[in-house]
Amino acid sequence: MENPGFERSKDDPPQYEETSFSSNGFRNGERRAVRASVASAFGHATLDRVPNADFYRNAASVSGTRVIRPSLQELHQVFQKNGGLSVPSAVPDGDEADGSALGDVESVVPLDDKDTAGLVKFGWIKGVLVRCMLNIWGVMLFIRLSWVFGQAGIGLGIVVVLLSIVVTSVTCLSMSAICTNGVVRGGGAYYLISRSLGPEFGGSIGLIFAFANAVAVAMYVVGFAETVVEILKENNALIMDPMNDIRIIGCITVVLLMSITVAGMEWEAKAQVALLVILLLAIGNVFVGTVIPSTLDKRSKGFFNYRESIAKENFLPEFRDGETFFSVFAIFFPAATGILAGANISGDLRDPQAALPKGTLLAIFITGITYLAVALVVSVTVVRDATGSRNDTLLVGSSCNFSSACDLGYDFSICQTSKCNYGLMNNFQVMTLVSGFGPLITAGTFSATLSSALASLVSAPKVFQALCKDNIYTALKFFAKGHGKNNEPIRGYLLTFVIAVAFILIAELNTIAPVISNFFLASYALINYSCFHASYAKSPGWRPAYKYYNMWLSLFGAVLCCAVMFVINWWAALVTYGIEFFLYIYVTVKKPEVNWGSSTQAVTFMNAVNSALTLSSVDDHIKNFRPKCLVMTGSPRTRPALLDVAHSLTKNYGLCLTCEVFMGPRDKSLQDISAVVQQNQLWLHKQKRKAFYTPVASENLRDGAEALLQASGLGRMKPNTVMMGFKRDWRTTKPQEVQSYAGILHDAFDFEQGTVILRINQGMDISHILKAEEEMERMIMEQQALEMEENDFQPHGPQGFFNRSQKTSTKELTRSVSLDVPRTSDLAKMNQRLVEASSQFKRRQGKGTIDVWWLFDDGGLTLLLPHILTTRKKWKDCKLRIFIAGQPERIEQDKHEMQLLMKKFRIKCDDIQVISDLNVRPSAESWKLFQDMIEPFRLHEGSKDTTQAEALRREHPWKITDHELDTFEEKTIRQVRLNELLQESSRAAKLVVVSMPIARKGSVSDYLYMAWLDSLTKNLPPTLLIRGNHQSVLTYYS
């Protein structure tokens, strides 16, 4: 749609039409029209899009189709007038734009329109308020509340109730903040905690919370069955014996509740409303009964209607039978739980963000007022002790000061010496006594137990299903499947049913009840801590719509919940912490591949930044020197040997950056970097290599390496050592590549970096093998697809397409790579040796030596790095041997001095050898080999006249001149001689470490320098050339 006030011209940009996406919820052939505001807001058609909620959805959101905005590259790149730019308007199936995690609970396949019509979604009243009220109003209201106020008195009894309300209210405030900080899906407490603190906390609490709800079903049903059995006992109608009757009635009750639940959430909600009506009538019945004049029978049992004297007497506590304030609180507090009943079915709420705070807080307020009101009306109408005998009236002329009942004409003083059966302290059926119609209290008790059982029976499978969907515990994936329009967890219902029946058959739940209460409290504690942690992390993504919370209040709530756990039962609290800690460790070790943007990540980042800033404010000290290596691996997987050595040097000691320079046109290089950066970092993580992948785009290798040398790292965590592989093909490659390689070494020295070069005779670069493996995998997949087409997509037996392993092992692929063109046995053997050499540092090195030729004092790096290797598990069987240069007449003195130095450095070495014949001229054969090596790169200007010589220098400035050879003849001879000595003394070493020679910049040509390095290290075991930056990295001071 165009702006009518805007006149198009032939030079105007073309209109763009969003592509069809019939597979994403639109009928075939439909196109999504460009929103009118795009054109009207800017006066012309534009590829840019105005803000829209659809851009921010998950790739498979249940509430709408995700639309993708034009990428920055599409807007920024040069406009193609003919072809234009194709901008899809919806995410294709299977894509994960912006890295959205499709494994998340909120990322499930959207239902078709015809399916969503049958969905049952609840509002805040039926979905949250009613459920929470029913769950909080338990049997405690009718059976134990009077006893609590009898023991604690009205004053402390109010404190008990208010303290319980404080715990649940603070938790509800924290929950409200969390659930209004984004869309809430199914999973209740598990969902809130896992999305806030991460899978480790969420996975551990989710499992025990689901289990606690399942066992709570048994607890509530057993409470119901016990009440029924008491009625049967009074009427002499027991089926068998009381214990077995509880089991029989309990199992029948669970089956009935299960049938209501499986019938669907709508039927379950109707049952809850019916139970609520009965419960409200029972509560109202209590208040009505208090104003009905008491009968003689009720008076004898301690009920006298409203009396000021009774209120005064019952105001102060009177703890008996060893009870204390905390023990009474521990008995009452489980009555206040149940605030998560609405959150546990968050996936079935129409608007969880609005419903959960409003419904839960109102439920806490209503139930809290109800508990206080019921307790107060009972406490001011019933005395603590009564005999129940109508004959215990006060005789004329007799005195009585036992209780306020004396003023009302009754003498219950016998209760001082013998146990009475009535009164607040003795009779758990006080509510029935006070009420206007006793059977209605029994019905209310039934309603309270059955509603709580029904809520738990729904909550456990819902939470468990959300946990299984996230695949935190892979063995439980079976229970993630849902059925029907509401995605009902039928398998979870059956598992909950089995658990409930099992515990009902035990019929003795007094032992496990405190553990279950502590499981719920642990959930409350973590919800509070989640809110505190998210606030403390100060992540920009923490923007809850609910503002009435405080991070310190949430922390107080978490501490309070933990304290209440120990108050209720100290050993149950320890059991709860033990189970949670075990599950936390399990999930941490398993490392589920999920990313929910938890506050743990935010705090980790904040701590990392603060630590880096703290480091930057303190100067480096020799004692704290650590190798921080910038490793020129290219793609990390292409030079595994170099990466393995770097990892051994830096793991738990220092920093490792694996660097790759993408050369070529800038646009293509940037695209290549975007494609591989996450992939390579993930590969390092899977290989358990503690390293960072650092790519850079540049025109050539040297410029890229220079950029890395200058810009890599952060603060004090900047690299101080450059690691490279030796360039084996320096004699056959282009001069520019040799100059670039040698230039990197010069740059490293210029930037005062330590420098390490690793040489393995077989080479290190296996990129061609990896490329062949990828090609082979592609061919295998194509072959399998072809076989499927030939078989009409009908797999046969276990060797079918979907059952055949689609991943060929590395060994098989490597074995097959050698068959690649050209198929020669020499190439096959060469590839095999290369792979074996590249993987040699992955294995544990057997007994042997690391020979350190510490020829020049470079600050100690040449000695420190091999010492670090010997502290590693793979190298611990290797001993250090030190080789130093010395004069023949002072061999013993030099050896003694080095032994003292090693002792001061506290570095163990197996042997120290002094090389006294270093200045002897090398053999003619060795010198001839060196001359042949450099012959193709010599200028030979000495045999030509001055004009020809100058012309050659201009044409081949990189060649070795005769003057250069004469000037550095002594140093050249030393490298050749050193190689002879190395072959004599270190041929059997596991690793050889040699001081690296330095080429003076502008004086030594790149080819002569490469010849020095080559002749020094040829025909040796794996060799490390090391040169420190000549600043001390070792000290013998404390």
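Which way does the link of Cys-415 and Cys-420 turn, left-handed or right-handed? With -105 degrees about the S-S bond, this link is left-handed.

Keep in mind that this is a predicted model, where local features need pLDDT of at least 70, side-chain atom pairs count only at pLDDT 80 or more, and totals for chains, interfaces and linings use all residues. Residues are numbered from 1 along each chain as its sequence is written, and side-chain values use heavy atoms, with hydrogens and water left out.

**The cysteines**

A disulfide is a covalent bond between the sulfur atoms of two cysteines. Here, a pair of cysteine sulfur atoms within 2.5 Å gets that label, and by this rule the count comes to one. The sulfur atoms of Cys-415 and Cys-420 sit 1.8 Å apart. Cys-172 is in no disulfide: its nearest cysteine sulfur, from Cys-132, is 7.8 Å away.

What about cover? Buried means under 20% relative accessible area, exposed over 50%, and partly exposed in between (1.4 Å probe, protein chains only). Cys-415 and Cys-420 are both buried. Here are some other residues:

| Residue | Relative accessible area | Class |
|---|---|---|
| Cys-172 | 0% | buried |
| Cys-468 | 1% | buried |
| Leu-574 | 45% | partly exposed |

**The nonpolar patch**

Leu-574 lies in helix α20, and helices here are DSSP runs (H or I, at least four residues) numbered from the N terminus. Leu-574 also joins Phe-566, Trp-570, Trp-571, Val-575 and Ile-579 in a nonpolar patch on the surface, with about 560 Å² of accessible area together. Such a patch takes nonpolar side chains within 5 Å, from residues with over 30% relative accessible area and no salt bridge (a side-chain nitrogen of Lys or Arg within 4 Å of a carboxyl oxygen of Asp or Glu). Helix α20, residues 570–590, gives the largest share: five residues.

Key: Patches are made of residues with over 30% relative accessible area and no salt bridge: like charges are joined within 9 Å, nonpolar side chains (Val, Leu, Ile, Met, Phe, Trp, Tyr) within 5 Å. Accessible areas come from the Shrake-Rupley method with a 1.4 Å probe; for residues, only the protein chains shown count as cover. Helices (H or I, at least four residues) and strands (E, at least two) are DSSP runs, numbered from the N terminus.
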